[in-house]
Amino acid sequence: MATEKRNVRNPRLFEVAWEVANKVGGIYTVIKTKVPVTVKEYGDRYCLMGPLSYKTAPMEVEAYEPTEPALIATLAAMRERGAKVLYGRWLIEGAPNVILFDTNSQLHKLDEWKGDLWNLAGIPSPPNDTETNDAILFGYLVAWFLGEYATHNMEQAIVCHLHEWQAGVAIPLCRKRHLDVTTVFTTHATLLGRYLCAGSVDFYNNLQYFDVDHEAGKRGIYHRYCIERSATHCADVFTTVSHITAYESEHLLKRKPDGVVPNGLNVVKFQAMHEFQNLHATSKAKIDDFVRGHFYGHYDFDLNNTLYLFTAGRYEYRNKGVDLFVESLARLNHRLQAMGSTVTVVAFIIMPAATHSYTIDALKGQAVTKQLRDTVTEIQNRIGNRLFEHAARYNDSKPETGALVPELSELLTEEDRVLLKRRIFALKRNSLPPVTTHNMADDGTDPILSQIRRVQLFNRDTDRVKLVFHPDFLNANNPILGLDYEEFVRGCHMGVFPSYYEPWGYTPAECTVMGIPSITTNLSGFGSFMQDLIEKPEVRGTFLAFSWVNVSSSLQDEGIYIVDRRTCSLEDSINQLTDCMVNFVTKSRRQRINQRNRVERLSPLLDWKNLGTEYSKARQLALRRAYPDSFESDEEGLDEVEDDYFGSGFTAGRGGGAGSAFSVPGSPRLRGAATPGDIGTLTEEMQGLSTSDFRGSQVWNGTSFSSGTDDEENSYPQPLHTKVRSRGGSKSGASTPGFGTSRALSERDLAKADKKLSDVGGSEAMNLNGASK
């Protein structure tokens with residue numbers, strides 16, 4: 001270990017994820033959209049690391065050699081020993097430096113590294129799990145790189161931020177090898193949580209009762225769970241993307257997260273300023289064209305009085321809340337019929353599934369409608385030419401030129417009439433419009449189609465709610481629904497996402513930045529996040545309070561509806577969702593326009609320019625834990641900041657201005673300066689293993705948000721609380737994170753810990769995987 005202190009003011013940041021320049025799922029979007037704000041903060045001190053995919057890397061990365069001496073020496077040392085490494089710039093906004101490792105170049109060491117992982121951390125690894133094998137190879141290459149780099153760069157502090165279990169193998173290796181690197185681990189969704197929810201269990205009400213080792217073993221993911229749990233406990237700072245995932249992680253991974261780092265968006269990409277209302281009208285016109293074709297023969301409703309609702313995402317029937325959505329649509333249909341409403345609702349379900357081809361009806365509908373459109377256009381041109389000729393030749397002194405205004409029979413010839421009749425007769429249909437646009441591979445047992453049959457939403461003429469299931473991705477080349485996803489969302493009136501398991505929820509977030517109202521739940525990270533950050537106290541309780549019938553109109557005006565799926569029965573949740581949709585569809589056009597304006601105004605809450613601050617706090621906290629001696633001079637100042645932060649004198653960013661009372665309502669805004677947490681909360685006080693200080697945990701524990709004191713009401717939701725894990729000599733890797741209530745650590749405690757941890761071979765020195773006993 002080095003004897004000189006590293007520079008913690010200008011640290012080197014490495015961010016590691018399996019989806020760096022390798023699009024697999026949603027983490028690719030998180031990393032890619034966050035890059036600009038991170039590059040702005042770190043510049044060339046920021047570098048991403050991921051696996052080398054020869055399929056995508058040539059299009060994603062511009063290769064070149066580094067100029068930093070420490071980096072040159074590190075890559076040279078790895079290449080000399082057979083590792084294949086690509087260095088270059090990722091061709092995205094911000095153009096960050098990126099290092100990609102070819103895991104297959106070290107495939108011959110897989111068995112050796114598996115044995116080492118078992119000996120060091122007690123993590124098993126079966127032979128035939130390719131994904132786990134890749135994660136082990138990748139983790140060892142990352143740890144190898146960090147070890148080499150730490151020996152060549154002795155001046156800067158090194159922070160390594162890793163995402164998800166696929167990158168997590170490197171964390172226990174850094175800890176066991178005593179690398180002078182401080183680590184941050186972020187989980188976007190727990191492995192076991194996904195599997196348990198997919199099994200239709202009562203997940204959130206039984207979290208504290210699950211035998212996690214048994215459940216992981218029963219599902220064949222024990223080895224992956226061990227990697228995830230080991231990374232969780234060995235990281236200096238552990239974060240999740242939402243309060244609900246934090247609550248889940250505490251029980252399944254047995255460590256309370258140090259903070260929440262919400263997912264953001266590059267709002268500039270979606271920003272349309274005052275034009276977003278015009279974009280809505282333009283995109284809606286394209287959806288109108290699809291609806292005319294899909295419902296040909298039964299197109300007897302007014303598109304100017306028709307609303308488009310949609311839900312979209314992975315095909316997870318229960319987790320994404322499709323069961324609630326379809327049931328609520330049936331109840332909405334009944335209530336609109338009972339009200340005698342003339343409003344028509346067309347609901348879209350956009351979820352990719354196994355299909356064979358487009359249905360004949362769907363293709364025919366678009367074809368005959370296009371023929372009708374072309375015929376009418378042709379007749380219009382003919383009539384226009386005849387009218388022009390007649391007007392140009394008219395002379396009142398010559399009766400043979402005809403009347404001033406020609407008769408209809410002179411403009412619309414018999415040939416035109418016949419052609420128009422043929423096109424109109426082609427629109428006749430003996431069957432009802434299809435519910436799905438594709439031939440499903442498993443039509444008889446598909447859960448969505450089965451429920452649609454049960455509730456009998458068959459697109460009858462008398463139905464006020466029509467349903468379209470599009471089991472494919474949206475793109476502009478689609479012959480049926482030819483719109484990109486972003487364009488489709490802009491053309492709809494509302495997004496409905498009543499998810500049961502949703503660690504964050506990008507779909508309602510994207511609706512928000514595009515000015516589209518949405519319905520989400522208090523079991524989604526996005527719903528909890530927005531509930532905490534909107535200014536008005538009545539908004540915070542709307543739809544989430546136990547007496548959900550007494551609904552304030554404030555949240556409805558803001559355009560983000562939150563359905564309670566945590567404390568209510570399934571029946572009550574369905575009724576809530578139905579009430580939300582009834583409330584929306586009965587609004588006037590002017591009210592909907594005003595609501596879209598208010599929704600779009602919330603988009604800065606989701607901008608990485610604000611939410612990127614949470615990542616900065618997590619890295620700062622990691623540095624403070626790794627190098628506490630380097631921050632001793634700041635302690636006095638931090639105390640002052642913390643006093644002001646939680647006191648009534650802190651007014652930065654409040655809508656009421658300096659000195660305004662907390663009860664003064666304003667426009668929707670961030671609580672405090674930006675997002676939950678602040679540098680003033682980075683204290684070094686022990687915290688117990690409980691969820692009592694989570695902003696959202698009061699609901700999980702059976703109490704409402706309004707039960708707290710005034711001070712609690714005005715404090716930030718989920719500040720970054722710390723658990724002291726100081727290290728001897730301020731070196732990363734010299735202790736293992738613990739948990740549980742404890743007194744503050746003394747110098748004697750640290751000396752004892754260092755003495756025990758010096759024995760690397762002692763299996764009882766640290767329980768890395770948190771699972772082996």
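Biologist: Which residues of α7 meet which residues of α9?

Modeller: In this predicted model, Leu191, Leu192 and Tyr195 in α7 meet Arg224, Tyr225 and Glu228 in α9. By kind, the residues of this contact divide into four nonpolar, no polar and two charged.

Biologist: At what angle do the two helices pack, and how far apart are their axes?

Modeller: Helix α7, residues 191-198, and helix α9, residues 222-234, pack at an angle of about 135°, and their axes are 9 Å apart. An angle over 145 degrees would count as roughly antiparallel and one of 65 to 115 as roughly perpendicular, and α7 and α9 are therefore oblique to each other.

Biologist: Turning to the interior, how should I read a nonpolar core, and which residues of the largest one touch the most other members?

Modeller: The general idea is that in soluble globular proteins nonpolar side chains tend to be buried together. In this structure the largest nonpolar core has 71 residues, of which Phe14, Met49, Ile99, Phe101, Phe145, Leu146 and Phe203 touch the most other members. The largest share of this core comes from helix α5, residues 130-152, which supplies 13 residues. Apart from this core lies another, of 47 residues, among them Leu474, Leu483, Met530 and Leu611.

Biologist: If I take Phe14 as an example, where is its place, and is Phe14 buried or exposed?

Modeller: Phe14 has its place in strand β1, which covers residues 7-16. A residue counts as buried when its relative accessible area is under 20%, and Phe14, with a relative accessible area of 0%, is buried.

Biologist: Which residues is Phe14 in contact with, once its neighbours within four places in sequence are left aside?

Modeller: With those neighbours left aside, the contacts of Phe14 are Cys47, Met49, Phe145, Leu146, Tyr149, Ile158, Val159, Cys160 and His161. To take one of these pairs, Phe14 and Met49 are 35 residues apart in sequence, while in space they are 6.9 Å apart, C-alpha to C-alpha.

Biologist: For the protein as a whole, what percentage of contacts between residues at least 6 apart in sequence join residues at least 24 apart?

Modeller: Among those contacts, 76% join residues at least 24 apart. The protein has 29 helices and 17 strands, and buried residues make up 57% of its 773 residues.

Biologist: How much area does the protein expose, and what share of that area do carbon and sulfur atoms supply?

Modeller: The protein exposes about 31,500 Å², of which carbon and sulfur atoms supply 51%.

Terms used
Residues are numbered from 1 along each chain as its sequence is written. This is a predicted model: local features need pLDDT of at least 70, side-chain atom pairs count only at pLDDT 80 or more; totals for chains, interfaces and linings use all residues. Side-chain values use heavy atoms; hydrogens and water are left out. Axes are lines fitted to C-alpha atoms, for helices over the stretch in contact, and angles run from 0 to 180 degrees between N-to-C directions. Helices (H or I, at least four residues) and strands (E, at least two) are DSSP runs, numbered from the N terminus. Angles under 35 degrees count as roughly parallel, over 145 as roughly antiparallel, 65 to 115 as roughly perpendicular and the rest as oblique. Contact means heavy atoms within 4.5 Å. Ala, Val, Leu, Ile, Met, Phe, Trp, Tyr, Cys and Pro count as nonpolar, Asp, Glu, Lys and Arg as charged, and the others, Gly among them, as polar. A nonpolar core is a set of buried Ala, Val, Leu, Ile, Met, Phe, Trp, Tyr and Cys residues joined through side-chain atoms within 4.5 Å. Buried means under 20% relative accessible area, exposed over 50%, partly exposed in between (1.4 Å probe, protein chains only). Accessible areas come from the Shrake-Rupley method with a 1.4 Å probe; for residues, only the protein chains shown count as cover.
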